[in-house]
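Please examine the following structure with attention to its internal space, its helices and its strands. The paragraphs after it proceed from one region to the next.

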Amino acid sequence: MKLARPDVFHPRLVLAGCPQLPSGDGDDAGLVQALRRRGLHAKWLSWDDPDTLRADAVILRATSDYAARLEEFLAWTTAVAHLLNAPAVVEWNADKRYLVDLARAGVPTVPSAVFGPGERVRLPSAEQFVVKPSTGAGAVGAQRFTNSDAALEHAAAIQGQGRSVLVQPYDERVERAGETALVFLGGKPSHAFTKAPMLPAEGNRVELDPTGTYAVESLAPAEPDFEVWDVGFAALDAAATQLNMAARDFLYARVDVIGDIDDPRLLELELIEPSLGWTQLDRRTRELQQREFGRCLASALERLGLGPLSHRRP
C-alpha cells in the first residue's frame with residue numbers, strides 16, 4: 001500500500017471480529033473507508049488471529065464469542081499492544097456484576113442480583129423474571145420465566161457449568177417500547193436506536209443469528225428524551241469513576257435503557273463490542289458520525305503515543 005504521507009506514522013490498526021464474524025456483522029460496513037478518509041488504515045481480523053499481536057492498536061467490534069472463551073479472550077486483551085476499549089474495561093464489563101457496582105453508585109438500574117456457582121439463587125418478587133449467565137453476550141443463554149421452578153432449574157444449569165447467574169425482574173415496559181440504545185463516542189452522545197423485545201415467553205428460546213453468537217434483533221431509529229440520555233451519562237460517568245479513568249477514554253459505549261421519561265432504568269452498559277446501530281442512521285448522518293468515530297479514535301491514538309507527530313521522521 002502506497003501512503004500519501006510517507007513521513008507520517010501510520011499505525012497498524014485492526015478491527016477485531018471473531019471466527020464466526022471475521023469481518024463483523026455488517027453493521028460496521030463503511031467504517032474502514034470512513035477511517036481511511038481520516039488517514040487511519042484499518043483491516044478486519046478475527047481476534048484470535050496471530051496477526052492481531054503485530055498491530056499497533058486493536059479496536060473491538062465483533063468479538064461475539066468472547067463469553068464462551070473468556071479466559072483465553074481476557075489473556076489476549078493484555079497481549080495485544082493497545083486495545084480499545086482497554087483491557088481493564090473489558091474485564092470489568094464482561095461480568096454483569098458491574099450492574100451492582102453502578103446501582104451502588106446511584107445509577108437508576110434494573111434490580112440485579114448475581115449468584116456464583118453453589119450459591120442459593122433467590123428470585124425477585126415479580127410476576128416475571130429473567131435468568132441468564134452473568135458473563136454472556138448477545139442474549140445467549142438468557143430466558144424469561146413466570147414459573148419459579150423452571151427459573152431455578154435454568155439457574156442451576158448455568159451454575160452447573162461453573163458460571164455465575166444473573167437474576168432480574170422482567171420489566172414489562174419492554175413489551176410496549178422495547179429498549180433504547182444510547183450510543184456514545186469518546187464519552188459524548190452520538191445517536192440512539194430502539195431494540196424490539198428479544199426474550200420470548202417462557203418455554204421458548206431466543207432466536208439466534210445463524211452464527212449462534214447473538215440474538216436476532218429488530219432495530220429502529222430513535223430520538224430519546226433528555227431524561228433517558230441522563231441515565232446514559234450517569235452510567236458512563238459511574239463506570240469511568242469505577243475504573244479510575246475519564247468518560248472520554250471510552251472510545252465507544254452503548255447504554256441500553258428501559259422506560260422513557262417516567263423512571264428510565266439502565267438495563268446494560270456495553271463497553272466491549274456492542275453493535276453501534278450505524279445502519280439505523282440515514283446516509284448523511286452515518287457518514288458524519290463515523291467521521292466522529294474516526295476523530296475519537298485519532299484522539300485515543302494520540303493519548304497512546306501513536307499519533308503522527310510523535311513519530312514524525314526527521
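In this predicted model, the count of cavities of 30 Å³ or more comes to one. Rolling a probe the size of a water molecule over the atoms shows where empty space is left. The space in the largest cavity is about 50 Å³. Its lining is made up of Tyr66, Asn93, Ala94, Lys96, Tyr98, Gly136, Glu268, Leu269 and Glu270. By character, these lining residues comprise four nonpolar, two polar and three charged. Strand 13 supplies the largest share of the lining, three residues.

Strand 13 (265-270) also belongs to the surroundings of helix 7, where it is among the elements that cover the buried residues of that helix. Helix 7 itself spans residues 226-242, 17 residues in total, and extends 24 Å from its first C-alpha to its last, close to the 24 Å expected at 1.5 Å a residue. Which residues of helix 7 are buried? They are Val228, Trp229, Val231, Gly232, Ala235, Leu236, Ala238, Ala239 and Ala240. An α-helix has 3.6 residues a turn, so residues three or four places apart point the same way. The cover over the buried residues of helix 7 includes two further helices, helix 3 (87-93) and helix 4 (98-104), together with strand 9 (179-185), strand 10 (188-195) and strand 12 (252-258). Just after helix 7, the residue Asn244 adopts a positive phi of about 60°.

A second region to consider is the loop between strand 6 (129-133) and strand 7 (143-145), in which Ser134 is placed. Is Ser134 buried or exposed? Ser134 counts as buried because its relative accessibility is 1%, which is under the 20% limit. Beyond its neighbours within four places in sequence, Ser134 is in contact with Ala94, Asp95, Lys96, Val114, Ser164, Val165 and Leu166. Of these partners, Ala94 and Lys96 also appear in the lining of the largest cavity.

The final region is an open sheet of four strands, arranged in the order 2-1-3-4 with parallel pairing. Strand 2 (42-46) and strand 4 (83-84) stand at its edges; each has a single partner strand, so one side of each is left without a neighbour in the sheet. The partnership of strand 1 (residues 13-17) with strand 2 runs in the parallel sense over five bridges. Within this pairing, Leu13 has Ala42 of strand 2 as its bridge partner.

Technical notes: Residues are numbered from 1 along each chain as its sequence is written. This is a predicted model: local features need pLDDT of at least 70, side-chain atom pairs count only at pLDDT 80 or more; totals for chains, interfaces and linings use all residues. Side-chain values use heavy atoms; hydrogens and water are left out. Helices (H or I, at least four residues) and strands (E, at least two) are DSSP runs, numbered from the N terminus. The expected span of a helix is 1.5 Å times one less than its number of residues. Buried means under 20% relative accessible area, exposed over 50%, partly exposed in between (1.4 Å probe, protein chains only). Contact means heavy atoms within 4.5 Å. On a 1 Å grid over the protein atoms alone, a cavity is a set of points where a 1.4 Å probe fits but cannot get out, and a pocket is an open set with protein on both sides within 12 Å along at least five of seven lines; lining residues have an atom within 4 Å of a point. Grid points are joined across faces, edges and corners, and a volume is the space filled by probe spheres set on the points. Ala, Val, Leu, Ile, Met, Phe, Trp, Tyr, Cys and Pro count as nonpolar, Asp, Glu, Lys and Arg as charged, and the others, Gly among them, as polar. Two strands pair if DSSP finds at least two bridges between them.
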